[in-house]
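Morning, everyone. Please look at the screen for a moment before I start talking.

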Amino acid sequence: QMERITDHLEKVVWTDSFDRRQLMNGWETQENAGPLVSIHDGVVSITGQFKQDGKSRVWQRRSASDFVSIEAKITVQQGTNARVGLFVARESSRQGEAQVEAEVVVARHNEPGKNAVQTRVVKQRGEENGPFTDVQGFDWPIGKPVVVRIERVGDASSTKVNILFDGIPVLSGRPLPALGRTNNELKLGVYVEGQTGRTAT
């Protein structure tokens with residue numbers, strides 16, 4: 001019990017209210033697919049049309065040993081026909097391109113008229129284009145903020161992940177040891193992914 005209390009006391013909660021005109025605070029962006037990242041009125045937006053297949057995203061870098069959880073309030077606006085979600089990933093770079101080594105994602109379905117909440121866990125390279133799994137009984141509403149959370153549990157040798165959607169677990173205890181290796185750097189953030197001509201807000 002003392003070990004658990006000590007571990008809890010060592011954790012730090014970091015919150016960003018985005019009450020400024022520039023992103024700053026270590027946030028990074030990727031915008032080459034088309035939609036652009038902006039900040040205004042305490043909100044970060046990823047908005048626009050895809051000029052090529054791919055992702056636009058905003059993220060923080062954290063060491064795996066520091067990562068406990070990430071939580072974000074996300075609003076998907078009317079007219080969005082791209083996938084929108086929260087992610088935690090371990091990536092490597094090859095010829096300037098990011099390659100996913102391991103990743104966990106919670107997202108809204110990308111097809112018009114489908115509001116399903118989806119999850120995907122990538123345990124190793126080569127699985128990054130695998131299918132998403134629909135969470136039965138959950139819809140991601142248009143125009144309303146939802147709180148999504150990805151958290152890591154267990155130690156470095158037995159790392160598991162949980163996903164919560166508006167406080168309700170939608171994935172629990174999924175093993176993902178690649179996210180727990182303490183010498184790894186992780187990316188934590190929000191993304192939109194779509195094909196050429198699709199739009200996101």
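Let's begin with a term. Buried means under 20% relative accessible area, exposed means over 50%, and partly exposed lies in between, using a 1.4 Å probe and protein chains only. Phe-87 is buried by that rule, because its relative accessible area is 1%. Phe-87 belongs to strand β6. Strands here are DSSP runs of type E with at least two residues, helices are runs of type H or I with at least four, and both are numbered from the N terminus.

A word on where this comes from. This is a predicted model, so local features need pLDDT of at least 70 and side-chain atom pairs count only at pLDDT 80 or more, while totals for chains, interfaces and linings use all residues. Residues are numbered from 1 along each chain as its sequence is written, and side-chain values use heavy atoms, with hydrogens and water left out.

Now the overall view. The protein has one helix and 14 strands. Its radius of gyration is 17 Å, close to the 17 Å that the globule rule gives for 201 residues, so the protein is as compact as a globular protein of that length. That radius is taken over C-alpha atoms, and the globule rule is 2.2 Å times the number of residues to the power 0.38. Along the principal axes, the C-alpha trace spans about 55 × 40 × 35 Å. Of the 201 residues, 42% count as buried.

Next, the sheet. Which strands make it up, and in what order? There are seven, in an open sheet with antiparallel pairing, and the order is β1-β4-β13-β6-β7-β8-β9. Strands β1 (28–30) and β9 stand at the edges with a single partner each, so one side of each has no neighbour in the sheet. On average, neighbouring strands are turned by 30° against each other, direction ignored. For such angles, axes are lines fitted to C-alpha atoms, for helices over the stretch in contact, and angles run from 0 to 180 degrees between N-to-C directions.

What counts as pairing? Two strands pair if DSSP finds at least two bridges between them. In general, strands of a sheet pair through backbone hydrogen bonds, either parallel or antiparallel.

Let's walk across. Strands β4 and β13 run antiparallel and are joined by 10 bridges. Here Arg-61 stands opposite Lys-187 in β13. Strand β13 covers residues 185–194, and eight of its 10 residues are buried. On to β6: this strand pairs with β13 in the antiparallel sense over seven bridges. Val-84 faces Val-192 of β13, standing opposite it. Then β6 pairs with β7, again antiparallel, over 11 bridges. In that pair, Glu-91 stands opposite Val-100 in β7.

Keep your eye on Glu-91. How many salt bridges does a search of the whole structure find? The total is 11. A salt bridge is a side-chain nitrogen of Lys or Arg within 4 Å of a carboxyl oxygen of Asp or Glu. In one of them, Glu-91 meets Arg-57 at 2.8 Å, N to O. Glu-91 lies in β6 (residues 83–94) and Arg-57 in β4 (residues 54–63), so the pair ties together parts 34 residues apart in sequence. Are these two buried or exposed? Glu-91 is buried at 18% relative accessibility. Arg-57 is buried too, at 4%.

Here is another. Arg-149 and Glu-71 meet at 3.3 Å, N to O. Arg-149 sits in β10 (residues 146–153) and Glu-71 in β5 (residues 69–74), so this salt bridge ties together parts 78 residues apart in sequence. Arg-149 is partly exposed, at 24%.

One more pair. Arg-125 and Glu-101 form a salt bridge at 2.6 Å, N to O. Arg-125 lies in the loop between β8 (116–122) and β9 (133–139), and Glu-101 lies in β7 (residues 97–108), so parts 24 residues apart in sequence are tied together. Arg-125 is partly exposed at 41%, whereas Glu-101 is buried at 13%.

There is also a network: salt bridges link Glu-28, Arg-61 and Glu-185. We met Arg-61 earlier, opposite Lys-187.

Last stop, the helix. Met-2 is found in helix α1 (residues 2–9). Met-2 counts as exposed, at 59% relative accessibility.

That's my tour. Over to you.
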